[in-house]
Amino acid sequence: MTTLQDCRALDAQDPLRALRDQFSIPEGVIYLDGNSLGVLPKTAMARVAEVVTQEWGHGLIRSWNSAGWFELPQRLGDKIARLIGAAPGEVVATDSTSVNLYKVLSAALHIAAQDAPQRKVMVSERSNFPTDLYIAQALCAERGLRLQLVEPDEVAAALTPEVAVLMLTHVNYRTGAMHDMAAVTAAAHAAGALTVWDLAHSAGAVPVELNASNADFSIGCGYKYLNGGPGAPAFVWVNPRHAERFWQPLAGWWGHAAPFQFTPDYRPAPGIARYLCGTQPMLSLAALECGLDTVLAAEPLGGMVALRAKSLALTDLFIELTEQRCAGYGLGLATPRAHAQRGSQVCLTRTHPQDPEGDSGAYAIVQALIARGVIGDFRAGDPSTGPGRRGALDILRFGLTPLYLGFEDVWHAVEHLRQVLETGEWQRAEFNQKMAVT
Ligand SMILES: *Cc1c(COP(=O)(O)O)cnc(C)c1O
């Protein structure tokens, strides 16, 4: 049984420990929601203030050149590329994840329509993040395709000769289950389908090898494990073999080959730059760069490989301690135990021990934990996933970010969970009021 003393010893030996000092984390908070909104990098406060007062306030329009504003989406894209197995010049930081998904799915469907017009199906996972499914639904309706939703273990069987595009999120937001990107991409290609990978819960959380996996298209989120701030710009990567085959549909002037010639005709920029649309938010990009730098600061210490090793140790510990110390309260594990099959979060299912059909209490348990300073979140179960499936039950979700969490934090978080369950504190009315954002 791991003790508090053991956890302190693990922290003392942790080679990544000093990385935590990069962040401003409120006193008394154990933050287990970096998979939803990463914490504030200390540098972001001064950097955003500098952009406001100096670059905007003083530099004004000159800053597009003198402060490097115009190149910022590409410059940050090159930093993101280092975290996802892409090359310089292959990524841009821009727009939102949802918008970027629309661009790459459109491109994938366009290429499929040229190369294999008889293919009329897009495959994704039923438990994919809703915005991904909604964007896919809209595009399939517009292009006359059928969207086929399957369970994670049914993906391989779904890759029939009708399939044009396989769209998956690498690490599932609700369960933390991770696909083998290289193997799934190879299976899709063998079946003649293109792949679109959403890295929202992967970038900055697990090593990703887009080029080595031979993926086709990818997008990801700036405000989760990349610590870019609320609503931070997202990113987009297109395999160079596809990048110039198509204009993405939001063909705005920032994706033009020569935007300042102001020509009436659209001529797409070479490479990934054509995936830009219009003028980008410089304050947000400046904050995103501070977030990216917090992750890149791990490079001299082993980079994503070292972060991954610590993330697995933290998630293993969280699982071990909840199973040892919180047994008998209706909790289960939604996240796969196998290291190769999970991301950087632990998701616990909850059913009411006396009333399995009734309210699971998962929402209220999370609220009671938040009141104690242990911030995780709740995701409602999706019964359409089918009984017995991971994701069918209500979930308590805990993201464990190795950049700023320690082993002692995990010990205390589980101890709070144990106390919330043992005392029945979560049943208090104040913890049962649903708020707009869960
Ligand atoms: C967080 C997340 C998004 C977020 O999309 P936005 O456009 O930023 O709202 C999209 N897809 C997945 C899989 C996510 O986890």
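A salt bridge is a side-chain nitrogen of Lys or Arg within 4 Å of a carboxyl oxygen of Asp or Glu. Across the interface of domain 1 and domain 2 in this structure, that rule finds 0 salt bridges. The structure is a predicted model, in which local features need pLDDT of at least 70 and side-chain atom pairs count only at pLDDT 80 or more, while totals for chains, interfaces and linings use all residues. Residues are numbered from 1 along each chain as its sequence is written, and side-chain values use heavy atoms, with hydrogens and water left out.

## The two domains

The protein chain is divided into domain 1 (4-41 + 303-432) and domain 2 (70-296); such bounds come from an automatic or database domain assignment. Taken over C-alpha atoms, the centres of domain 1 and domain 2 are separated by 29 Å. Contact here means heavy atoms within 4.5 Å. On that basis, 39 residues of domain 1 are in contact with 29 residues of domain 2.

The size of an interface is often given as the accessible area lost when the parts come together. Buried area is that loss, found with a 1.4 Å probe and summed over both parts. Domain 1 and domain 2 bury about 2600 Å² between them, and 58% of this lies on carbon and sulfur atoms.

Although salt bridges across this interface number 0, the rule for polar contacts finds 9 residue pairs there, both residues being at pLDDT 80 or more. A polar contact is a pair of N or O atoms within 3.5 Å; within protein, one must be able to donate a hydrogen and the other to accept it, and residues adjacent in sequence count only if both atoms are side-chain atoms.

Which elements give two or more residues to the side of domain 1 that touches domain 2? They are helix H11 (303-325), strand E12 (345-350) and strand E15 (395-399). H11 gives the most, with 4 residues. Helices (H or I, at least four residues) and strands (E, at least two) are DSSP runs, numbered from the N terminus. The residues on this side of domain 1 divide into 15 nonpolar, 17 polar and 7 charged. In this division Ala, Val, Leu, Ile, Met, Phe, Trp, Tyr, Cys and Pro count as nonpolar, Asp, Glu, Lys and Arg as charged, and the others, Gly among them, as polar.

## Helix H12

A residue is called buried under 20% relative accessible area, exposed over 50%, and partly exposed in between (1.4 Å probe, protein chains only). Helix H12 (residues 362-371) is mostly covered, with 8 of its 10 residues buried. The buried residues run from Ala362 through Tyr363, Ala364, Ile365, Val366, Gln367 and Ala368 to Leu369. Among the elements that cover them are E12, strand E13 (374-375), strand E14 (377-379), E15 and helix H13 (407-423). Just after H12, Gly373 takes a positive phi of about 90 degrees.

Gln367 has its place in this helix. Gln367 counts as buried because its relative accessible area is 14%. Leaving aside neighbours within four places in sequence, Gln367 is in contact with Phe431 and Met435.

## Ser63

Ser63 is in helix H3 (residues 63-66) and is buried, with a relative accessible area of 2%. Beyond its neighbours within four places in sequence, Ser63 is in contact with Glu55, Gly68 and Trp69. The side chain of Ser63 reaches the backbone oxygen of Glu55 at 2.5 Å. Ser36 is 27 residues from Ser63 along the chain, and their C-alpha atoms are separated by 32 Å.

## Salt bridges

The salt bridge count comes to 25. Three of the pairs are listed here.

| Pair | Closest N to O |
|---|---|
| Arg75 and Glu289 | 2.8 Å |
| Arg143 and Glu142 | 3.2 Å |
| Glu415 and Arg325 | 2.2 Å |

Arg75 forms a salt bridge with Glu289. Arg75 lies in helix H4 (residues 72-81) and Glu289 in helix H10 (residues 282-296), so the pair ties together parts that are 214 residues apart in sequence. Arg75 is partly exposed at 38% relative accessible area, whereas Glu289 is buried at 10%. Arg75 and Glu289 also belong to a network of salt bridges that links them with Lys79 and Asp293.

In the pair of Arg143 and Glu142, Arg143 is partly exposed at 28% and Glu142 is exposed at 52%.

Glu415 and Arg325 meet in a salt bridge through their side chains. Glu415 lies in helix H13 and Arg325 in helix H11, so this pair ties together parts 90 residues apart in sequence. Glu415 counts as buried, with 12% relative accessibility.

Technical notes: Buried area is the accessible area (1.4 Å probe) that two parts lose on being put together, summed over both.
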